[in-house]
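Here are a few exercises to work through with the model open beside you. Try each task before reading its solution.

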Amino acid sequence: MNTFNNIYKRMVKGKGMLCLSLLASGLSLASCSDYLEILPLNEVVLENFWTKKDDVTSVLNSCYESLGEEKSLERIGVWGEMRSENIVSGQNVPNHYIEVLKENLLPTNELVDWSSMYRTINRCNTVIHYAPGVADKDPNYTHDQMLANVAEATFIRDLAYFYLIRAFRDVPMSFEPSIDDTKEYAIAATPMMDALKMLSEDLEKVKDNAVRRYVDDSKMTTREMAVSARENCSKVTRVAIYALLADIYLWRGEYDKCIQCCDYVIDFKKNQYAEKVANIGELNDIYLFKGIPMIRESVLNSKYCGNAYSEIFGDGFSFESIFELGYLQNSTENKYVSNNYINGDGKFGRFGAPEDLYQNVASGSNDYFAKNDCRVYENIYEQNGKFWIMKYGATDYAFETENITSAGPRISMSIRSSNNANWIFYRLSDVMLIKSEALIMKGESEFQKAFSLINTINKRARNYNESVKSDTLVFSAYSSSKEEMEKLLMLERKREFMFEGKRWFDLVRKSLRDGNTRYLSTEATQKQKENAVAIKIQLADPNAMFWPYSREELKKNNLLKQNSAYSDSEQFIK
């Protein structure tokens, strides 16, 4: 905990303020910055709204929609991945992406605009504010339903804040909605560690009020679950709140609390699996890897791998999912994936993968992936010397990993024909590796438990199950020190969550813990073909791990102070 605070104190030069001048009444609101605008219900008179259960439901649904809209999801993906070593330029790349890929972050870049995230936050604040009053008015809206809805909105709000905090460090925080046009608000930019504490305390209050499961899926097959039980992971559940809490506690260095939250999620999945086996019998697509149920890479009695990818990323809403946004209707699209990875008509996207992630993998000499690690073939596709991102871009895979030659396995895949790829925030393997990281930080006595979780995920990825019971990793190769265990953990997270919007945040979290940016700068500059030394020097400043505030925000608020890592010689018109 102290190492987090030590580096943080060296980074912080001052506090920023955010001034909100509310100019309109009812539900059509504006402010000195438009990032706290409420949803467009400008024809609704406030006192005639918020009288029945359906009013809460409609605004709560808009919270989900706002989190998944194009600008929000773009920032969720870009802030968490684009600056890492996993992403390079693809084709037809807009300039605002190119500048980020070159580590040339400017306050004028549109990707530093956080307005979409604050719109989501204010919608959630509004639900939390008004839902209790609706429960008093509508007899059909029970107290328990109200508490569950408030828990949903709290999770979405705090998830949005969690992204802002990890991207910008200190951000303005308010748990009150912008609904009063008779006063002005001055909100200080809350320091990072204080903000994370606020989030964990906020979630602790509501975590056990959320719905545990919307649909009983114990008698459903996996394919049926994708259609009938998608609410269990497309809507906020108690399990999702525990997963988010675990992540926040990891960032705070509260490792015992982190592990407790992870255990809740893992135990839930074990019980879910036991229920299904009791009702259905043996499952051909899920296997107990070291006692933890995970989707097989090849279904029982099949030699073809790719099943885990197809269920998790192809179909979506899989057994392992905890919370994900679904794009099932014709009116919604996941444009972040379809534009930047691979789009619906089979054209490769704006982003690509660096060659070192894939080259020589089939010959067994790749630095990151073993030749039989299914994830490399599912994540990346080589064509004409270029390496394209396939995660989320295909709906299913089939290939063999036995007897792989230097040419690699023969792969059959179906490119996604529409822009409806789900976006996964938390899944079981994420919680397992969060727990593993917390165990490693607790010290040598916990290394074996941490290794077991890492090895479980690695075994699934390399298709080791009842036919091959040996481990894919060797404990003695990593158990000599915390540093070696942490390197293993970071490498497994890199392999498992590649292109899922997590890698940059992983590098930042480790840097905060280490008290320096050496690991981050070494990893992040591997992809740089030019100016790598200069960029490494730039990233030696811990402030440079975070994004600059938007110039427009600085113009509107002269108390919001720019991150010291980003110089700006222009005089703003205040």
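A residue counts as buried when its relative accessible area is under 20%. Keep in mind that this is a predicted model.

**Exercise 1.** Find which residues of helix H2 are buried, and what they pack against.

*Solution.* Begin with the helix itself: H2 covers residues 53–67, 15 residues in total. From first C-alpha to last it reaches 22 Å, close to the 21 Å expected at 1.5 Å a residue. Next, apply the cut-off: Asp55, Val56, Val59, Leu60, Ser62, Cys63, Tyr64, Ser66 and Leu67 are buried. Finally, look at their surroundings. These buried residues pack against the helices H3 (70–81), H5, H6 and H9 (231–234), and also against strands S7 (321–325) and S13 (423–427).

**Exercise 2.** Check the length of helix H16 against its expected span, then decide whether the helix is largely enclosed or not.

*Solution.* H16 runs over residues 447–461. The expected span uses one less than the number of residues, times 1.5 Å, so the 15 residues of H16 should span 21 Å. Its end C-alpha atoms are 21 Å apart, which agrees. For the second part, 12 of the 15 residues are buried, so H16 is largely enclosed by the rest of the structure. Among the buried ones are Phe447, Phe451, Asn455, Lys459 and Arg460. After the helix comes Asn463, with a positive phi near 65°.

**Exercise 3.** Work out where Asp138 sits and which polar partner its side chain has.

*Solution.* Asp138 lies in the loop between helix H5 (115–137) and helix H6 (143–168). It is buried yet has no salt bridge. A salt bridge needs a distance within 4 Å, whereas Lys53, the nearest side chain of opposite charge, is 7.6 Å away. A polar atom of the Asp138 side chain does lie 2.9 Å from the backbone nitrogen of Asn140. Leaving aside neighbours within four places in sequence, Asp138 is in contact with Thr51, Lys52 and Lys53.

**Exercise 4.** Describe how strands S9 and S10 are joined.

*Solution.* Strand S9 (residues 380–383) and strand S10 (residues 386–389) run antiparallel, joined by 4 bridges. One of the pairings links Ile380 to Ile389 in S10. The two strands form a hairpin with 2 residues between them, and Asn384 in the turn has a positive phi of about 55°.

How values were computed: Residues numbered from 1 in each chain as written. Predicted model: local features only at pLDDT ≥ 70, side-chain atom pairs only at ≥ 80, totals over all residues. Heavy atoms only, no water. Buried < 20%, exposed > 50% of the residue type's maximum accessible area, 1.4 Å probe, protein only. Lys, Arg positive; Asp, Glu negative; His and termini not counted. Polar contact = N/O pair within 3.5 Å; in protein donor to acceptor, adjacent residues only side chain to side chain. Contact = heavy atoms within 4.5 Å. Pairing = 2+ DSSP bridges.
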